[in-house]
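Here are some comments on chain B, set out as numbered points. They are meant to be read with the coordinates open.

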Amino acid sequence: MEILMFIVIGVLFTIGIYLLLARSLLRVIVSLMILSHGAHLLLLTMAGLNAEAPPLEHMADGGYTDPLPQALILTAIVISFGITAFLVVLGYRTYKVHNTDDLEKLRGSADE
Amino acid sequence: MNNLLVLPMVLPLLVGILLIFLRPFVKWQRVISFATLLFTFVLSIYLLLHVQQEGIITLDFGGWSPPFGISFVGDSFSLLLTATTYFIATICSLYSFSTMGKDKENMFVYPLVHLLLAGVSGSFLTGDLFNLYVCFEVMLLASYALIVLGGERVQLREAIKYVLVNVLSSFIFLIAIAYLYGVTGTLNLAHLSVRIAEAGQPPILTTIAIVFLLVFSLKAGLLLYFWLPGAYGAPPMAIAALFGALLTKVGIYALFRFFTMLFYHEPELTHTIIAVMAIVTMVGGSIGAVAYNDLRKIVSYNVVIAVGFILSGLAIFNEAAIEGSIYYLVHDMIVKAYLFLLVGVTIYLSGTQRLERMSGMIRNYPLLGWLFFLATISLAGIPPLSGFVGKVFVAQGAIDGQAFVLLAVTLISSIFVLYSLLRIFRTVFWGETIIGTDEMVPLRTGMILPCALLGAATLALGLGAESISGIVQDAVNTLLNPQVYIDAVLNRGGA
């Protein structure tokens, strides 16, 4: 099960990095979302994927799944949500001001 | 008593929230934020002195004993950096009162600065890996907002790059945390150190160490500094001074913590990589510092050189070198803020940031000129000033550790620092005066006073290096003997 997850995460990272190198700003933002999915799934997988009860007290028969990575992922999701929202607005403002979403045209310094 | 340890992080956080509600009352915002920063500075000094007498302070949140809860750990190293942070923040806020302008002060500058400081001091004080990630994000989110504040064209353009690089490095940080948790099964730094020492750092942990090295190098601008000069050229000068003094230093702090406390078992591999990266950083920074005619670019590349210099102390990895790096770290935080503020004043007075359009300013502004000269010789490491002590110790460490290539590069980079700044001094302050006395922009006290204070601080730090030597030695002792830290966190009281 873990092996399958690692392959899927690897595919996510590949797609993410491919899109990250694109010229369009929107593609880059989408790539960061995909990378965040990859990172969160990796957190979940690295803690082990044994099929046991959800970490709730009244379901205690045998063992639980590890609750710690779930808390970590929840935190990381909220943080990356905040950053993504900021980045989308920043991209929108940049598009409005510079009239382009082409990152090639956004490079360099003003005095070149 | 230990509860005071949380205040350097929580106080700015709470005051930052309070200031959001005081948005239209700029006067009150200024008063409250200045008072808070000054108070937190005094408090961190108090905590620092307390650590000297009683040893490392730890605070377990919610009474959960480590490794199960999150704890804050205040040792000499982290509290020294916290105190320096608040010293700089107090003075930069003084500077921003007279330069920021109403339109920005109305748009949550002070709340954002407080949140940034909460993130910075949280990163210094935390004893938990994931908490470190969260504090980094608190700091970075505030810095994203500060870098675009005002919404000018150049700010938007540079902010896109800055945000993308940092978001990417945050994901790599998460990945590294996932791997480390998968291998060791803990997140507490002291407990991690124990587990890694038990396992003797097998290759998988060395690989994870290199992933962490990548993450923190992106934050610190070690080798991966390509985002830095542009990003530090965009925001208003008071903000750029805070960035230049604090943001890269958090990455440096994390590198020191990780590579002296966790991943110190394979120094032939990891510390050699750091050495190579430090050398390339210093060479690249030196080239950048002499290549540009733009004041802000030159200063930003000087930040890069300093990062390489401080990390070369970590790469040499013996007592003298680490001690030198800590001296230099404190010196560099103060003097980089000083330099950024001076450049800010110069740009304000001359109305341009191009070197070739300024000349002979020392006739109109003698105080500014001599303060800049003080910054120049302090950064280059001329004896009575604060840069000297750190450089001597790092050089001595390099000789002890037989790292002659590093020794040569660090010393040559000092010459480049001196040259790049003397070039500014020569073209901007000497030469023919092109602004007549009747049309010169008056220099405001609110601008020059913070610079003078920082100048006095670098002078005092140079002359009184003896007075902080006890603190620095204690910090070195904790860094080089992880057992001291582990005992303070895990084996309190009984064992």
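**Notes on chain B**

1. B:Leu407 is buried, its relative accessible area being 14%, which falls under the 20% cut-off for that class. The model is a predicted one, and every value in this note is to be read in that light. B:Leu407 belongs to helix α18 of chain B, and once residues up to four places away in sequence are set aside, B:Leu407 touches B:Ala395, B:Ala398 and B:Ile399. A further residue to place beside B:Leu407 is B:Gln396, which is 11 residues away in sequence and, from C-alpha to C-alpha, 8.8 Å away in space.

2. The helix that carries B:Leu407 also packs with another helix of chain B: α13 (residues 295-316) and α18 (residues 404-429) meet at an angle of about 160°, and their axes are 10 Å apart. That angle makes α13(B) roughly antiparallel to α18(B), because angles over 145 degrees are put in that class. The crossing of α13(B) and α18(B) is left-handed.

3. Which residues bring α13(B) and α18(B) together? From α13(B) come B:Leu295, B:Ile298, B:Asn302, B:Ile305, B:Phe309, B:Ser312, B:Ala315 and B:Ile316, and these meet B:Leu406, B:Thr410, B:Ser413, B:Val417, B:Ser420, B:Leu421, B:Arg423 and B:Ile424 in α18(B). Sorted by class, the contact of α13(B) with α18(B) has 10 nonpolar, 5 polar and 1 charged residues. As general background to such lists, an α-helix has 3.6 residues a turn, so residues three or four places apart point the same way.

4. A second helix pair to inspect is α8(B) with α11(B), which pack at an angle of about 40° with their axes 9 Å apart. This makes α8(B) oblique to α11(B). The contact involves B:Leu189, B:Ala190, B:Leu192, B:Ser193 and B:Ile196 of α8(B), together with B:Phe258, B:Met261 and B:Leu262 of α11(B). By class, the contact of α8(B) with α11(B) has 7 nonpolar residues, 1 polar residue and no charged residues.

5. Helix α21 (residues 482-490) of chain B has as its buried residues B:Pro482, B:Tyr485, B:Ile486, B:Ala488 and B:Val489. Viewed down the axis of α21(B), these buried residues fall within an arc of 165°, so they line one face of the helix. What do the buried residues of α21(B) pack against? They pack against the strands β1 (57-60) and β2 (71-74) and the helices α8 (189-199), α11 (237-262) and α20 (465-480) of chain B, so that α8 and α11, the pair of the preceding point, appear again here.

6. Several places in the backbone geometry deserve a check by eye. The peptide bond from B:Pro66 to B:Pro67 is cis, with omega near 10°, and B:Pro67 is found in the loop between β1 and β2 of chain B. B:Phe108, although not a glycine, has a positive phi of about 70°; B:Phe108 sits in the loop between α4 (102-105) and α5 (109-125) of chain B, where it counts as partly exposed at 28% relative accessibility. B:Phe317 likewise has a positive phi, near 60°, in a residue other than glycine, and B:Phe317 lies in the loop between α13 and α14 (319-350) of chain B. At 22% relative accessibility, B:Phe317 counts as partly exposed.

7. Helix α3 (residues 76-99) of chain B includes B:Leu94, and B:Ser96 also lies in helix α3 of chain B. Are these residues buried or partly exposed? B:Leu94 is partly exposed, with a relative accessible area of 23%, whereas B:Ser96, at 4% relative accessibility, counts as buried. Leaving aside neighbours within four places in sequence, B:Leu94 is in contact with B:Phe34, B:Gly446, B:Pro450 and B:Leu453, while B:Ser96 touches B:Glu105, B:Tyr110 and B:Ala238.

8. The last residue for attention is B:Gly119, placed in helix α5 of chain B and buried, with a relative accessible area of 0%. Apart from its neighbours within four places in sequence, B:Gly119 is in contact with B:Cys135, B:Val138 and B:Met139. B:Cys135 is 16 residues from B:Gly119 in sequence, and their C-alpha atoms are 4.7 Å apart.

Methods
Residues are numbered from 1 along each chain as its sequence is written. Chains are lettered from A and ligands numbered from 1 in the order in which they are written. This is a predicted model: local features need pLDDT of at least 70, side-chain atom pairs count only at pLDDT 80 or more; totals for chains, interfaces and linings use all residues. Side-chain values use heavy atoms; hydrogens and water are left out. Axes are lines fitted to C-alpha atoms, for helices over the stretch in contact, and angles run from 0 to 180 degrees between N-to-C directions. Helices (H or I, at least four residues) and strands (E, at least two) are DSSP runs, numbered from the N terminus. Angles under 35 degrees count as roughly parallel, over 145 as roughly antiparallel, 65 to 115 as roughly perpendicular and the rest as oblique. A crossing is left-handed if the near helix is turned anticlockwise from the far one by less than a right angle, and right-handed if clockwise. Contact means heavy atoms within 4.5 Å. Ala, Val, Leu, Ile, Met, Phe, Trp, Tyr, Cys and Pro count as nonpolar, Asp, Glu, Lys and Arg as charged, and the others, Gly among them, as polar. Buried means under 20% relative accessible area, exposed over 50%, partly exposed in between (1.4 Å probe, protein chains only). The arc is that of the directions from the helix axis to the C-beta atoms.
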